[in-house]
Amino acid sequence: MFDDVAARYDLTNDVLSLGQTRLWRRAVARAVDARPGERVLDLAAGTGTSSLPFAAAGAYTVPCDFSLGMLAEGKKRHPWLPLTAGDATRLPFRDGAFDAVTISFGLRNVHDIDVALRELHRVTAPGGRVVVCEFSHPTWAPFRTVYTEYLMRALPPAARAVSSSPDAYVYLAESIRAWPDQPALARRLQDAGWAKVAWRNLTGGVVALHRGVRP
């Protein structure tokens, strides 16, 4: 499915989010706080666009994704990035390989979320950090109702206008509605071994940034 949307993936996301994706990426970059010489894993990196801020900060950044189509498109755009194929539930990296790990809008698509969170924990060095950016639940009830209606009614027609595979965005809408809320995801991070777990809402809770530290 993601192979089919690779060519226009970044453009489609910008259109469907009304330009918010760029703000969310900046928030992720601040939360990860990549530093020169650090090793950063960007899981579900797609075409590698989300990895650019970490590399620009001087960190050795590894974009990793399950979709070979996404990686091929990313290699065309950013041939210098070490794009790597990998399954979130069986990461091809040694224990403690990274100082920071992050995943944006990809955890929702993993078939076993808890295994993926434990794998991220495994490949993070002690004292290292995790940042999860994912669609979540708007905190204001009236807006939550409007948002849900947008997902199910407006998003699929909009996707048909700009995406190479609009059916993928019907799945997107359904998966967002079924996703756990902010406290529930925080508990799952804690259960996977992460400490100091906290979250911050973006765009009124449409997106949430969850953070944690490996003890």
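## A walk through a seven-stranded sheet

Let's start with the sheet: 7 strands line up in the order β3-β2-β1-β4-β5-β7-β6, forming an open sheet with mixed pairing. At the edges stand β3 (84-85) and β6 (195-202), each with a single partner strand, so one side of each has no neighbour in the sheet. Two strands count as paired if DSSP finds at least two bridges between them. The strands themselves (E, at least two residues) and the helices (H or I, at least four) are DSSP runs, numbered from the N terminus.

A quick word on what you're looking at. This is a predicted model, where local features need pLDDT of at least 70 and side-chain atom pairs count only at pLDDT 80 or more, while totals for chains, interfaces and linings use all residues. Residues are numbered from 1 along each chain as its sequence is written, and side-chain values use heavy atoms, with hydrogens and water left out.

Now find β1 (39-43). Strand β1 runs parallel to β2 (residues 60-65), joined by 5 bridges, and Leu43 stands opposite Cys64 in β2. Strand β1 also runs parallel to β4, with 4 bridges; here Val40 has Ala100 as its bridge partner. How enclosed is β1? With 4 of its 5 residues buried (under 20% relative accessible area, using a 1.4 Å probe and protein chains only), β1 is largely enclosed by the rest of the structure.

Move along to β5 (residues 124-135), and the direction flips: β5 and β7 (residues 207-213) run antiparallel, joined by 7 bridges. One pair to look for is Val131 with Arg211 in β7. Strand β7 also pairs with β6, again antiparallel, over 6 bridges, and there Trp199 partners His210. Together β6 and β7 make a hairpin with 4 residues between them, and Thr203 in the turn has a positive phi of about 50 degrees. If you wonder what holds such neighbours together, strands of a sheet pair through backbone hydrogen bonds, either parallel or antiparallel.

Next come the helices. Helix α3 (residues 20-32) lies across β1, β4 (98-104), β5, β6 and β7, at about 165 degrees to β5. Helix α6 (residues 113-122) lies across β1, β4 and β5, at about 145 degrees to β5. Those angles run from 0 to 180 degrees between N-to-C directions, with axes fitted to C-alpha atoms, for helices over the stretch in contact.

Finally, zoom out: the chain has 9 helices and 7 strands, and 52% of its 215 residues count as buried. Among contacts (heavy atoms within 4.5 Å) between residues at least 6 apart in sequence, 66% join residues at least 24 apart.

Technical notes:
Buried < 20%, exposed > 50% of the residue type's maximum accessible area, 1.4 Å probe, protein only.
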